[in-house]
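I open the notebook on this chain with a plain plan: the pocket comes before the overall fold, and a handful of single residues follow. I keep each entry short and write down what I looked up.

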Amino acid sequence: MKLLIIGMATVTIIPRVLPFYIFEIDRLPKVVKNFLECIPYTVLGALIFPGALNGIVNEPVISIICLVVAAVVAWFKGGIVFPIMSAILTAVFLNLF
């Protein structure tokens, strides 16, 4: 069992550490740097957006309204706590009525 965990840790850590030894971030072209900086936001959006649309079963309109509320709050307030809390409160309020 320990050997399995060590093997899984090794296989997981190699793709995470290897790029730091292969590429020097200062030597990459500006276009590549900009592209790499956008990846976390893109992945986060791809993970959250489908779940946000299906967050409330059989009520896609409420899910879309909550998503819009969260986007507006994020645009003006920033951060992550206030948009999430506003979307949750909107969902609770709309489900009650």
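Entry, pocket lining. I began with the largest pocket and asked which helices furnish its lining, keeping in mind that this is a predicted model. I found that α2 (30–53), α3 (60–77) and α4 (81–96) each contribute at least two residues to that lining. I then looked up the volume, and the largest pocket holds about 610 Å³ of space. Its lining numbers 21 residues, of which I48, A52, L67, A70 and I84 sit closest to the centre of the pocket. By residue class I noted 16 nonpolar and five polar residues in this lining, and no charged ones.

Entry, overall fold. I went on to the secondary structure and recorded four helices and zero strands, which read α-α-α-α from the N terminus on. Is the chain a compact globule or more spread out? The radius of gyration is 20 Å, well over the 13 Å that the globule rule gives for 97 residues, so I put the chain down as more spread out than a compact globule. The span of the C-alpha trace along the principal axes, about 55 × 45 × 20 Å, went into the notebook beside that value.

Entry, burial and contacts of the whole chain. I looked up how much of the chain is buried, and buried residues come to 11% of the 97. The exposed area is about 8,500 Å², and carbon and sulfur atoms supply 77% of it. For the contacts with a separation of 6 or more, I noted that 27% join residues 24 or more positions apart.

Entry, L67. I returned to one of the residues closest to the pocket centre, L67, which is found in helix α3. With a relative accessible area of 26%, L67 counts as partly exposed, because the value falls between the 20% and 50% cut-offs. Leaving out residues up to four places away in sequence, I listed F49, A52 and L53 as the residues that L67 touches. I also checked L67 against G55: the two are twelve residues apart in sequence, and their C-alpha atoms are 9.8 Å apart in space.

Entry, S63. In the same notebook session I turned to S63, whose place is also in helix α3. Is S63 buried or exposed? Its relative accessible area is 3%, so S63 is buried, the cut-off being under 20%. Beyond its neighbours within four places in sequence, S63 is in contact with A52, L53, N54, G55 and I56.

Entry, S86. Moving to helix α4, I looked up S86, which lies there. At 15% relative accessibility S86 counts as buried. Which residues does S86 touch, not counting those up to four places away in sequence? I wrote down V69, A70 and V73.

Entry, L47. For L47, which lies in helix α2, I recorded a relative accessible area of 64%, so this leucine is exposed, the cut-off being over 50%. I also looked up its distance from P15: the two residues are 32 apart in sequence, and C-alpha to C-alpha they are 21 Å apart in space.

Entry, N58. The last residue I looked up was N58, in the loop between α2 and α3. Its phi is near 65°, a positive value in a residue other than glycine. I set this beside the general rule that most residues other than glycine have a negative phi. N58 is exposed, with a relative accessible area of 70%.

Technical notes: Residues are numbered from 1 along each chain as its sequence is written. This is a predicted model: local features need pLDDT of at least 70, side-chain atom pairs count only at pLDDT 80 or more; totals for chains, interfaces and linings use all residues. Side-chain values use heavy atoms; hydrogens and water are left out. On a 1 Å grid over the protein atoms alone, a cavity is a set of points where a 1.4 Å probe fits but cannot get out, and a pocket is an open set with protein on both sides within 12 Å along at least five of seven lines; lining residues have an atom within 4 Å of a point. Grid points are joined across faces, edges and corners, and a volume is the space filled by probe spheres set on the points. Ala, Val, Leu, Ile, Met, Phe, Trp, Tyr, Cys and Pro count as nonpolar, Asp, Glu, Lys and Arg as charged, and the others, Gly among them, as polar. Buried means under 20% relative accessible area, exposed over 50%, partly exposed in between (1.4 Å probe, protein chains only). Contact means heavy atoms within 4.5 Å. The radius of gyration is taken over C-alpha atoms; the globule rule is 2.2 Å times the number of residues to the power 0.38. Accessible areas come from the Shrake-Rupley method with a 1.4 Å probe; for residues, only the protein chains shown count as cover.
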